[in-house]
Amino acid sequence: MSSMNSPAALTDRDALERALTVVAEESFFAMIDPVPGQVPAVDGPMLSARVAFDGAFAGALTCQMPRLLALELTAAFTGEEVESDGPGVDDLAGEFANMVCGRWLTDVAPQSLFNLEHPVVVPVSAPASEPSGLLNGQPFWIELAIEG
């Protein structure tokens, strides 16, 4: 059995998918689905939310999603109508990435302490790679980079 801090354990896609599913379902009342044969088109601008962390090991988790999906998640999380161009949408996209990162770190290194930096949220064009899945029917991308 390998150590949870081994590179294989740290990049375990199953642990990342579990963290994503728990956060999406329990905190945002959202459903994760695999990408079907044909990827739905992204309608409108995209956001990228990146959370860097360090502790027993260091790295960053990045979530990219359509701004429309971030708006939907914000409304579900707050239980209120939200302005589509308001700063709350960016803040919630960052918090979503922060929560997924924290949940993932808890799963892969439950005895370790980590410092998570404030999420950085920026507009992006659609990624060139295939989406990681569908969140409420909209494509999203999640990437994990471990340093060292």
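User: Let's start with T74. Which element is T74 in?
Analyst: Keep in mind that we're looking at a predicted model. In that model the stretch from 67-78 is a helix, and T74 falls inside it. So the place of T74 is helix α3.

User: Is T74 buried or exposed?
Analyst: The cut-off for buried is under 20% relative accessible area. T74 has a relative accessible area of 3%, so T74 counts as buried.

User: And what does T74 touch, leaving aside its neighbours within four places in sequence?
Analyst: T74 sits in helix α3, and with a relative accessible area of 3% it is buried. Setting aside the neighbours within four places, the residues in contact with T74 are G79, V82, G88, V89 and L92.

User: Let's zoom out. How many helices and strands does the protein chain have?
Analyst: Reading from the N terminus, the elements go α-α-β-β-β-α-α-β-β-β-β. That comes to 4 helices and 7 strands.

User: How does the radius of gyration compare with the globule rule, and what is its value?
Analyst: For 148 residues the globule rule gives 15 Å, and the protein chain is close to that, so it is as compact as a globular protein of that length. Along the principal axes, the C-alpha trace spans about 45 × 35 × 25 Å. The radius of gyration itself is 15 Å.

User: What share of the 148 residues is buried?
Analyst: On the outside, the protein chain exposes about 7900 Å², with carbon and sulfur atoms supplying 53% of it. As for the residues that count as buried, the share of the 148 is 40%.

User: Among contacts between residues at least 6 apart in sequence, what fraction joins residues at least 24 apart?
Analyst: Q64 gives a feel for this, with V124, F140 and W141 among the residues it touches. For the protein chain, the fraction of those contacts that joins residues at least 24 apart is 70%.

User: What about charge: how far apart do the centres of the positive and negative sets lie?
Analyst: The protein chain carries 5 positive and 21 negative side chains. The centres of those two sets are separated by 6 Å.

User: Now β3. How many of its residues are buried?
Analyst: Side chains in a regular strand alternate between the two faces of the sheet. In β3, one side has G59, L61, C63 and M65, and the other has A60, T62, Q64 and P66, with every one of these buried. The count for β3 is therefore 8 of 8.

User: Which residue in β3 is the bridge partner of R50?
Analyst: β2 and β3 are antiparallel and pair over 8 bridges. They form a hairpin, with 3 residues between them. Within this pairing, the partner of R50 is T62.

User: β3 also pairs with β7. Which residue in β7 stands opposite Q64?
Analyst: The strands β3 and β7 run antiparallel and are joined by 6 bridges. One of the pairs across them is A60 opposite A145. Opposite Q64 stands W141.

User: Why does Q64 count as buried?
Analyst: Q64 belongs to strand β3. Its contacts beyond four places in sequence include M46, L47, S48 and P127. The cut-off for buried is under 20%, and Q64 is counted as buried because its relative accessibility is 17%.

User: Which residue in the turn between β6 and β7 has a positive phi?
Analyst: β6 and β7 pair in the antiparallel sense over 3 bridges, with G133 opposite F140 in β7. Together they make a hairpin with 2 residues between the strands. The relative accessible area of the residue you want is 29%, so it is partly exposed: N136. In the turn, the phi of about 50° belongs to N136.

User: F29 is another residue with positive phi. What value is it near?
Analyst: F29 lies in the loop between α2 and β1. Its relative accessible area is 62%, so F29 is exposed. F29 is not a glycine, yet its phi is positive, near 50°.

User: Last one: how far apart in space are G37 and L144?
Analyst: G37 is in the loop between β1 and β2, and it counts as exposed because its relative accessibility is 87%. In sequence, G37 and L144 are 107 residues apart. In space, C-alpha to C-alpha, they are separated by 24 Å.

Technical notes:
Residues are numbered from 1 along each chain as its sequence is written. This is a predicted model: local features need pLDDT of at least 70, side-chain atom pairs count only at pLDDT 80 or more; totals for chains, interfaces and linings use all residues. Side-chain values use heavy atoms; hydrogens and water are left out. Buried means under 20% relative accessible area, exposed over 50%, partly exposed in between (1.4 Å probe, protein chains only). Contact means heavy atoms within 4.5 Å. Two strands pair if DSSP finds at least two bridges between them. The radius of gyration is taken over C-alpha atoms; the globule rule is 2.2 Å times the number of residues to the power 0.38. Accessible areas come from the Shrake-Rupley method with a 1.4 Å probe; for residues, only the protein chains shown count as cover. Lys and Arg count as positive and Asp and Glu as negative; His and the chain ends are not counted. The place of a charge is taken as NZ of Lys, CZ of Arg, CG of Asp or CD of Glu.
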